[in-house]
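Let's work through some charged pairs together. Have the model open as you go, and try each task before reading its solution.

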Amino acid sequence: YVGNAINAAGTTSQLAAVLDLVGGRAGWTANQIDSAVDSLIALGIQSDSANNLLIQFARNQLDVADATRLAAVAQDAAGIAQLNSSETLDRMMTAILTSNTQMLRTIGINVNATRAQEEYAASIGKTRAQLTETERIQAMMNAVMAEGEIIAGTYDTLQQHVIKRMGSLRRVFYEISVSIGEAFLPSLSNV
């Protein structure tokens, strides 16, 4: 168990360091980064997934304020996909970055990438062909969040069931293992 805890803490620590670097390059302050991570964790997203999501937001010049909105959609989609919220969020972000609508369908989100990009392009006075990569990603994210309105409330409804609440314990135990592992990291830095 201690080895797993050290690995979890190390992974989370490395992702936090990368987020600080990439987020700083994106113009985010340390307070913005910490607040965004804390908001995601408060929504029930594992710390490693929270850091990873925000790294993708910073890399792709996305608005950090949309991260919690996307996480809320992932929570609702998780109930449909029968996955935990963090895993669903990871899959959702990968699908958004790659315009993989098939992956989105597996988590209950049905969007058409071409339509999403055309609608977004029209809203900013461009054609689909003129969109930058960041704009294509933003178009997909907007479509996913709009589709999320259809399934809104799924997470809250499922939280009334003991099995769903028990499933959330996985995240709690992960965060406990990170805390335990963090105690060992300083002594390992000398190795």
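## Salt bridges, step by step

Asp66 has 10% relative accessibility and is therefore buried (buried means under 20% relative accessible area, exposed over 50%, partly exposed in between, with a 1.4 Å probe and protein chains only). This is a predicted model, in which local features need pLDDT of at least 70 and side-chain atom pairs count only at pLDDT 80 or more, while totals for chains, interfaces and linings use all residues. Residues are numbered from 1 along each chain as its sequence is written, and side-chain values use heavy atoms, with hydrogens and water left out.

**Exercise 1.** Find the salt-bridge partner of Asp66.

*Step 1.* Look for a side-chain nitrogen of Lys or Arg within 4 Å of a carboxyl oxygen of Asp or Glu, the rule for a salt bridge.
*Step 2.* Arg69 fits, with 3.1 Å between the closest N and O atoms.
*Step 3.* Both residues belong to helix α4 (residues 66-81), three residues apart, about one turn; helices are DSSP runs (H or I, at least four residues) numbered from the N terminus.
*Step 4.* Arg69 is partly exposed at 46%.

**Exercise 2.** Place the pair Glu87 and Arg91 in its helix.

*Step 1.* Their closest N and O atoms are 2.9 Å apart, a salt bridge.
*Step 2.* Helix α5 (residues 85-98) holds both, four residues apart, about one turn of the helix.
*Step 3.* Glu87 is partly exposed at 27%, and Arg91 is partly exposed at 32%.

**Exercise 3.** Is Glu135, which pairs with Lys126, buried or exposed?

*Step 1.* The salt bridge has its closest N and O atoms 2.9 Å apart.
*Step 2.* Glu135 is buried, at 16%, whereas Lys126 is partly exposed, at 29%.
*Step 3.* The count of salt bridges comes to three.

Notes:
Helix = DSSP H or I, 4+ residues; strand = E, 2+ residues; numbered from the N terminus.
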